[in-house]
Amino acid sequence: MTAPFASRMRMHLLQEMEQAPLDLLIIGGGITGSGIALDAAARGMRVGLVDMQDYAAGTSSRSTKLVHGGLRYLKQFDIGVVAEVGKERAIVYENGPHVTTPEWMLLPIYKEGTFGRFSTSLGLRVYDFLAGVKREERRRMLSAAQTLAKEPLLRREGLEGGGYYVEYRTDDARLTLEVLKEAVAHGALALNYARLERFDYEAGQIAGAEIADVLSGRKYTVRARCIVNAAGPWVDTLRQLDGSQQGKRLLLTKGIHLVVDQSRFPLRQAVYFDTPDGRMLFAIPRDGKTYVGTTDTEYTGDMAHPRMTERDRQYVLDAVNGMFPELRITTEDIESSWAGIRPLIFEEGKGPSEISRRDEIWQSESGLITIAGGKLTGYRKMAETVVNRVAAKLEERAGQDSGTDGDRNGRVEETGGFRKGASGRGVETGGVAVPVVGAGGKYPPCRTKELPISGGHVGGAASFQDYVAKKTREGTGLGLPRELAAKWAACYGSNVDRLFELVREMGNEPAVEVKGVRAAGELRALGGAGVADTSEMPEPAEISKAEDRTEVGQPAALGVSDKGRLPMEVSVPLRYAMEHEMAVTLEDFFVRRTGALLFDIDWVRKWKGPAAAYMASYLGWSTDEQARYAEELESRLYEAVVPEDAADVDS
């Protein structure tokens, strides 16, 4: 049975979404929309979610990649935000330890700096209290010598000490994916590259929407009892479409991050430091790189593809060289970058950094529910609040709906890993408990506080390292290098078994050989952003199986041949991304399924050609489609290193 979150299932899922009314249609596949989908599906609602881009392609893959307690919001006396998200981060970690990792953070204290020693100590103590921080993770105050011992690269002049406390580092895109995959496991229908064209109304109330498949151009009419606008930076666009944009509105701000190799920026310790203008920046080591950010400036440009400017880049470089003066980092040291948009709720008279990160829910006269603002860390509580409102609305109008699907009496149905969806579709559930609720019954309360996300079914955060060790041994038993097996176990959590199944399957097939693929450096780009000549791009049929079979476990099966054979480290995650994470394009895989374009850009350049040929064969791309997706990836590679306002240069 094809997994319900496979790329090949998209057309079927769109058709199924059209066949029967949804209880809830969510517009937006970022962390907010994904969290709402999980909460609603776990309560037994029939849920659909669409996004005009890939999942997490907007704000939810472009953050500072921290599930943090909001220490900086103490400066704004935003006590409620600190208390709520501080407690939520522990829940996020417990439910998904494979995508969230504790990270000790160092806050250096300087004479005449933003934070003094007393205020830092007091602030961190209040932070510990409000956020309910575990005893072993509570703050410590350090002397100047102790601070330098933690991070010798810090500027020594004026250093008075430091605060030491725990934040949580995450892979924001993968967190979003895992939340959404768990929603799908509970029966939700989710589609990327599916754009809202219009809302449909009955008696002045929103009753559905027309959805266009961006890839094929086909349009579908979806009926829904309730629609939630969780479109992030685009929520005002949807409110305009509904004719309800009045009163409060969004203010979009942009933040950028720079990535430098550890050989040039050998940071030992994550650091949270202030800048001369009073802003705070993070410098965080990750996967052999150090990334630094973020800026906070008003933004009115392209919402789909925000980019750094030369001014943005120089601001961060100046801050880095001011705090770590011995490094002398230059533009030549920047390997990659990313820019993201924050959809904040406008507050008159306040600058971008002064505006609260609180979320708000608005409901229009037509019934459209909009969720705006908020933070990555608070996604679960935001979803709970929204779904509570949706449940109340559905219960209120339940008597108006004559049709029901099933027993719908509020009971919880234990499954053996399979359940029927809205129109009889088989949905893998992994044996989860799926409530059966609907007309005439009450929806149960939120269940997500203690519900692991996809990949998080590892016995809890405290057991995760033991789980990784166990799965690493299993992977090496299959012939995988220990480092690769450990990497997969840590990244995919309880889903690593699916990757191991692919190793067995693909290892017992003829090795995949890619013919006619040009090396990464040979793809000449138009203006640094597009493939100029696609005549040499391989047809799907040109991807063949090598005649020589190589058994799994043998070094050649896991290595790279001189003929461009994809190694397991690429082919297995790529196949998994297509079969279980609805990866549709090269950008989906290299940016959001792996994060490689940000943290291993040379790996992307090396394997983009063979990966394109592999995806073309598996997904049946035409030559034009393969060229288009290659061009999109070239654009992202170019934008990662070249500022938006830089003079045109060859990539």
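Which residues does Leu25 touch, not counting residues up to four places away in sequence? In this predicted model, the partners of Leu25 are Met17, Gly48, Leu49, Ala209, Val222, Ala224, Cys226, Ile227 and Val228, with residues up to four places away in sequence left out of the list.

Leu25 also belongs to the largest nonpolar core, a set of 84 residues. Together with Ile36, Met45, Leu175, Val228 and Val390, Leu25 ranks among the residues with the most contacts inside this core. Helix H9 supplies the largest share of the core, namely eight residues. A second core, separate from this one, comprises 65 residues, including Met568, Ala612, Met615 and Tyr618.

Helix H9 spans residues 379-396 and also holds Glu384. The relative accessibility of Glu384 is 18%, so this residue counts as buried, the cut-off being under 20%. Beyond residues up to four places away in sequence, Glu384 is in contact with Asp39, Arg43 and Cys446.

Met17, one of the partners of Leu25, leads on to helix H1. This helix covers residues 10-19, and its buried residues are Arg10, Leu13, Leu14, Glu16 and Met17. These residues lie on the same side of H1, because the arc they cover around the axis is only 165°. Several strands help to cover the buried residues of H1, among them S1 (24-27), S2 (47-50) and S6 (189-191). Strands S7 (194-202), S8 (205-213) and S9 (219-223) are likewise part of that cover.

Methods: Residues numbered from 1 in each chain as written. Predicted model: local features only at pLDDT ≥ 70, side-chain atom pairs only at ≥ 80, totals over all residues. Heavy atoms only, no water. Helix = DSSP H or I, 4+ residues; strand = E, 2+ residues; numbered from the N terminus. Buried < 20%, exposed > 50% of the residue type's maximum accessible area, 1.4 Å probe, protein only. Contact = heavy atoms within 4.5 Å. Core = buried A, V, L, I, M, F, W, Y, C linked by side-chain atoms within 4.5 Å. Arc of directions from axis to C-beta.
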